[in-house]
Amino acid sequence: MNWLTAFSHVPSLHYLDTGLLVPSKDLHNIVHVQDFLQYAHIKFCLLKPFAELEDYPLVDARDLLPSFEPALYEYTALPGFSLVVFDRPINYFQEIFQFDLLHTCRDPHQPPADQACVLPAALAHENQEQFLRHLPRSLREDFKERTTDLQVADLRSYSVLIQYLGYMDRAHVLSADADGAFYLSGIYASLPSDLDAELKRFGLRIKKFRPHDNQLYERNREFVYRFLMELYGYPISSERTTSAALFARRLHKMGERFFIKVLGQSDRTLTTIRCVESDQAQPVVEKTALIRVESRNAELVRTLERDGYFIDPARRVAILHVVYRQHNYDPHNVRQDRALSVMHQELIHPLTGARFTSGNIIKDSY
């Protein structure tokens, strides 16, 4: 399969001859934003590198089973990124993290009927300069050439931008304007992580720590740390994943509607932590990766091949998406050391985005 045609038959997208994906209309719903970003990230951050690298490191499907093991080798040739999406306008001074602001012709706090964009070219140039300051030197000329006629804050430009955002050190930010339309509102964001305080609060709450008890803290610290990180879909690993997990925890406590997404160069997995319903007890964790289907079920393999779910039929490579259920810590539960279990697994069709849900691809025994 040619990666350029990926998701060319998804009804909610416009597919351009250049291979770019564009939302079929302005996105005013955070769930629709997540769907669009999922397709764009799979296409340009998983399928494109898979097509361009002969030895692309596929993910072992069993690595998507909790508990997750840290991937210690970093594939620097692969893209990696983190992002946060807010279901509200950005309030730049009041935000609890740092990032460089981008602008659109639409003031995020003023209804569209009350505003007019008088300097769109100046805004476009300012946004472009913000990007150039944080891109590797080797990508700058190519970026300028490809974005000369684009409004980079517009999500219709996102398929172009993610190919550069995937090589930027820090996170990017999306939010809604006053009319509810989502746009790229910031780059080079630092997601804060107060690991020490959060770890100790959590350990005290589940009664694994006691105040001033150093021996109990030393004995249980690793368990508490691992359980806390696993709640958000990660092992104890990189600063990027730790920040994403703890920032998601903080936003959830604040009652935000949001999702955070991370692609690691080590785990080669798109991890989403989302809280888009106001009454969610915990954020939902999802993971997406390219895997080899290792099933002995010949009928399953024939069905996947016949229906076009393999992006490489000879190697049985497919796009796997897993949704997890979080568990509160319970010392009386026989599985007390597990923070997550698999709730749902599916394969994503590389052309239509259809979902195949009939196979236990990751061999989850529960």
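The protein chain carries 42 positive and 47 negative side chains, and the centres of these two sets are 6 Å apart. The structure is a predicted model, and the values below are to be read accordingly.

**Overall form**

The secondary structure of the protein chain amounts to 8 helices and 12 strands. The radius of gyration is 21 Å, close to the 21 Å that the globule rule gives for 366 residues, so the chain is as compact as a globular protein of that length. Along its principal axes, the C-alpha trace spans about 65 × 55 × 40 Å. Of the 366 residues in the chain, 53% are buried. The accessible surface comes to about 17600 Å², and carbon and sulfur atoms account for 48% of that surface. Among contacts between residues at least 6 apart in sequence, 63% join residues at least 24 apart.

**Strand β8 and its partners**

Strand β8 covers residues 270-275 and is mostly covered, with 5 of its 6 residues buried. Strand β8 pairs with β7 and is also joined to β9. The two pairings are set out below.

| Pairing | Partner strand | Sense | Bridges |
|---|---|---|---|
| β7 and β8 | β7, residues 258-263 | antiparallel | 6 bridges |
| β8 and β9 | β9, residues 284-292 | antiparallel | 5 bridges |

Individual residues mark the register of each pairing. On the β7 side, F258 stands opposite C275 of β8. On the β9 side, R274 of β8 stands opposite V284. In a regular strand, side chains alternate between the two faces of the sheet.

The connection between β7 and β8 is a hairpin with 6 residues between the strands. Within this turn, R268 has a positive phi of about 55°.

**Residue H32**

H32 belongs to helix α1, which comprises residues 30-52. Is H32 buried, partly exposed or exposed? Its relative accessible area is 41%, and H32 is therefore partly exposed, since this class lies between the limit of under 20% for buried residues and that of over 50% for exposed ones. H32 and S12 are 20 residues apart along the chain, and their C-alpha atoms are separated by 8.9 Å.

**Summary**

The predicted model thus combines 8 helices and 12 strands in a chain of which 53% of the residues are buried. Within that chain, β8 pairs in the antiparallel sense with β7 and runs antiparallel to β9, and 5 of the 6 residues of β8 are buried. H32, in helix α1, is partly exposed.

How values were computed. Residues numbered from 1 in each chain as written. Predicted model: local features only at pLDDT ≥ 70, side-chain atom pairs only at ≥ 80, totals over all residues. Heavy atoms only, no water. Buried < 20%, exposed > 50% of the residue type's maximum accessible area, 1.4 Å probe, protein only. Helix = DSSP H or I, 4+ residues; strand = E, 2+ residues; numbered from the N terminus. Pairing = 2+ DSSP bridges. Rg over C-alpha atoms; globule rule 2.2 N^0.38 Å. Contact = heavy atoms within 4.5 Å. Areas by Shrake-Rupley, 256 points an atom, 1.4 Å probe, with all protein chains shown as cover. Lys, Arg positive; Asp, Glu negative; His and termini not counted. Charge placed at Lys NZ, Arg CZ, Asp CG, Glu CD.
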